[in-house]
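Hi there,

Here is the structure I promised to pass on. Please open it alongside this note, and my findings follow below.

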Amino acid sequence: MPKTVKRGDARKPCADYPLSTFFPDSESKGGKPTAGEAAALRVCGQCPIAARGACLEDALRYPLAEQYGVVGGTTAAQRRLIIRARRAASAVEDVLVEVA
Ligand code: SF4
């Protein structure tokens, strides 16, 4: 659960939906979101961009706590991809620093 922008925050669209909306019965493995995920993503799509970005960054900061469900406008599979991409970019940066 994000630490600064919580699902259930009265100013956020997700506050108007049960938590189960964001934890659908089936989750995609990385491809097209399931119908349940798509419904939750539509709710996140109503969230102000800055709030959604902060929500996503919090989820990425606590990947173990946020390894399931839709949060910050992403599915769990999408967050795993973002985390992998960031780790790869960081590894490239480390190499570039070593050779510089
Ligand atoms: S991005 Fe989604 S989960 Fe995060 S605060 Fe907005 S509506 Fe809620």
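Before anything else, please keep in mind that this is a predicted model.

Let me start with the overall fold. The protein chain has three helices and zero strands, and along the sequence it reads as α-α-α. Its C-alpha trace spans about 50 × 25 × 20 Å along the principal axes. The chain has 100 residues, of which 35% count as buried. Taking contacts between residues at least 6 apart in sequence, 49% of them join residues at least 24 apart.

As for the surface, the accessible area of the protein chain is about 6300 Å², and carbon and sulfur atoms account for 59% of that. The chain carries 15 positive and 11 negative charges, and the mean positions of the two sets lie 4 Å apart.

Now to the charged pairs. Side chains of opposite charge can pair when their charged atoms come close. How many salt bridges does the structure hold? There are two.

One of them joins the side chains of R86 and E57, with an N to O distance of 2.7 Å. R86 sits in helix α3 (residues 76-99) and E57 in helix α2 (residues 49-61), so this salt bridge ties together parts that are 29 residues apart in sequence. Both ends have some access to the surface: R86 is partly exposed at 43% relative accessibility, and E57 is partly exposed at 30%.

The pair D58 and R61 also forms a salt bridge, and here the closest N and O atoms are 2.6 Å apart. This one stays within helix α2, where D58 and R61 are three residues apart, about one turn of the helix. Are its two ends buried or exposed? D58 is buried, because its relative accessible area of 3% is under the 20% cut-off. R61 counts as exposed, because its 51% is over the 50% cut-off.

Finally, the cysteines. A disulfide is a covalent bond between the sulfur atoms of two cysteines. With a cut-off of 2.5 Å between the sulfur atoms, the count here is zero disulfides. Among the residues I looked at, C14 is buried at 14% relative accessibility, and C44 is buried as well, at 10%.

If you only have a minute, I would begin with the link between helix α3 and helix α2 made by R86 and E57, then turn to D58 and R61 within helix α2.

Happy to talk it through whenever suits you.

Best wishes

Conventions
Residues are numbered from 1 along each chain as its sequence is written. This is a predicted model: local features need pLDDT of at least 70, side-chain atom pairs count only at pLDDT 80 or more; totals for chains, interfaces and linings use all residues. Side-chain values use heavy atoms; hydrogens and water are left out. A salt bridge is a side-chain nitrogen of Lys or Arg within 4 Å of a carboxyl oxygen of Asp or Glu. Helices (H or I, at least four residues) and strands (E, at least two) are DSSP runs, numbered from the N terminus. Buried means under 20% relative accessible area, exposed over 50%, partly exposed in between (1.4 Å probe, protein chains only). Contact means heavy atoms within 4.5 Å. Accessible areas come from the Shrake-Rupley method with a 1.4 Å probe; for residues, only the protein chains shown count as cover. Lys and Arg count as positive and Asp and Glu as negative; His and the chain ends are not counted. The place of a charge is taken as NZ of Lys, CZ of Arg, CG of Asp or CD of Glu.
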